[in-house]
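Okay, thanks for squeezing me in, everyone. I'll put the structure up and then just talk you through it.

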Amino acid sequence: MRYLITGGAGFIGSHLADALIERGDEVTILDDLSTGNHHNIEHLIGHPKVEFFAGSVLDTALVRKIVPTVDHILHLAAAVGVFTIVDKPLESLITNLRGTEVILEAASEFKKPLFLASTSEVYGKNGGDALSENSDRVLGSPLVARWSYSEAKAIDESMAYFYFAERKLPVRIARFFNTVGPRQVGHYGMVVPRFVAAALEGEALQVFGDGEQSRCFCHVLDAVSAILLIIDSDKTLGEVFNIGNNEEITIKQLAEKVIATLNSSSAIARKEYEDAYGAGFEDMQRRVPNISKIESVLGWRPTRSLETIITDIAQTMGE
Ligand SMILES: NC(=O)c1ccc[n+]([C@@H]2O[C@H](COP(=O)([O-])OP(=O)(O)OC[C@H]3O[C@@H](n4cnc5c(N)ncnc54)[C@H](O)[C@@H]3O)[C@@H](O)[C@H]2O)c1
């Protein structure tokens with residue numbers, strides 16, 4: 001099988017490319033290297049089963065040239081990261097709405113199955129105990145940049161789903177909760193690589209707000225094994241699955257764990273949300289996935305601990 005991975009030079013996409021090549025598949029990567037990095041796929045360039053296009057999913061002609069040459073599309077390209085979304089809300093919306101539309105149109109025209117990478121952000125500020133795929137979305141004003149990512153990804157899901165329901169396009173959707181691991185960069189808002197980098201440098205770990213907000217972190221290799229199970233199964237057609245780890249930790253405890261795991265001399269500092277993201281920034285207090293659907297349909301559970309995640313990120317940082 002030849003898979004097109006849009007966003008394949010990114011964090012999750014590059015690990016997914018590795019896993020597909022490892023099992024004998026062929027991979028075409030389309031990435032504009034906006035948040036992705038050539039370094040992530042350097043080892044794949046020149047591989048006989050890998051093709052790389054530096055370009056955008058907004059380039060309809062390029063997408064229509066590539067799609068007929070592949071068997072299956074894995075659409076991961078997106079404007080991601082809280083800093084990116086808050087800094088460039090309009091550009092992010094265009095990438096996340098129009099980009100997905102271009103990919104869906106080509107998938108439908110050339111009849112290629114499509115996997116869509118969505119996000120736990122679609123649940124917005126629903127702070128429920130364990131968010132299941134049917135949980136309600138709780139959002140602030142559409143004029144708040146923070147929520148525009150959630151809105152765009154939710155529309156992406158709806159569009160993909162109705163291509164499935166009305167046009168019989170084989171579509172599968174996954175909502176990633178915080179996914180972390182080697183190759184993720186901290187500078188556009190990801191907390192674990194940001195903390196690990198600070199701990200390795202002996203600099204203070206900056207906790208935003210009171211640090212009592214909690215999150216769950218899933219190792220990228222666990223997430224990739226979930227994606228493979230989803231795309232390989234017929235039971236997942238027209239379905240959406242949460243992918244995440246359901247072990248909850250507060251951001252303050254996370255900072256302490258990073259310092260302890262890496263034997264760092266760093267201190268913990270506090271920063272107000274407004275100073276980090278600008279005035280009026282809203283965040284959710286909890287974000288915990290219910291993963292019983294993917295567990296019961298596909299038998300998937302994450303297997304890697306937070307200590308493993310921290311150690312793996314630290315080992316590869318600076319490579
Ligand atoms: N990492 C997470 O915790 C997480 C959580 C929820 C959802 N997701 C979703 O998973 C997917 C992958 O995210 P990631 O964490 O690997 O981030 P990433 O930034 O590393 O990957 C996104 C990739 O898309 C590329 N890209 C952006 N705009 C593009 C365009 N117009 N054309 C082509 N390529 C473009 C970027 O260069 C990058 O390589 C995204 O769709 C994201 O919304 C990730």
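So, start with helix α5, residues 89–109: it lies across β1, β4 and β5. Strand β4 is residues 72–75 and β5 is 114–119, and the helix runs at about 170° to β4. Then there's helix α8, residues 220–232, which also packs on the sheet. That one touches β4, β5, β6 and β11, and its direction makes about 160° with that of β6, residues 171–176. Oh, and I should say this is a predicted model.

Now, the sheet itself. In what order do the strands come? Reading across, you get β3-β2-β1-β4-β5-β6-β11, so to speak: 7 strands in an open sheet, with parallel pairing. At the edges sit β3, residues 50–54, and β11, residues 240–243, and each of those pairs on one side only. From one strand to the next, the twist averages 20°.

If you want to zoom in on one pair, take β1, residues 2–6, and β2, residues 26–31: they run parallel, joined by 5 bridges. For instance, Y3 has V27 in β2 as its bridge partner.

Okay, zooming out to domains. The assignment gives domain 1 as 2–181 + 219–246 + 288–302, and domain 2 as 191–214 + 248–287 + 307–316. Their centres, taken over C-alpha atoms, are 26 Å apart. How many residues are in contact there? It's 13 from domain 1 with 15 from domain 2. On the domain 1 side, the residues that touch domain 2 split into 6 nonpolar, 5 polar and 2 charged.

That's me done, thanks.

Notes: Residues numbered from 1 in each chain as written. Predicted model: local features only at pLDDT ≥ 70, side-chain atom pairs only at ≥ 80, totals over all residues. Domains from an automatic or database assignment. Contact = placed C-beta atoms within 7 Å. Nonpolar A, V, L, I, M, F, W, Y, C, P; charged D, E, K, R; others polar. Pairing = 2+ DSSP bridges. Helix = DSSP H or I, 4+ residues; strand = E, 2+ residues; numbered from the N terminus. Axes fitted to C-alpha atoms, helices over the stretch in contact; angles between N-to-C directions.
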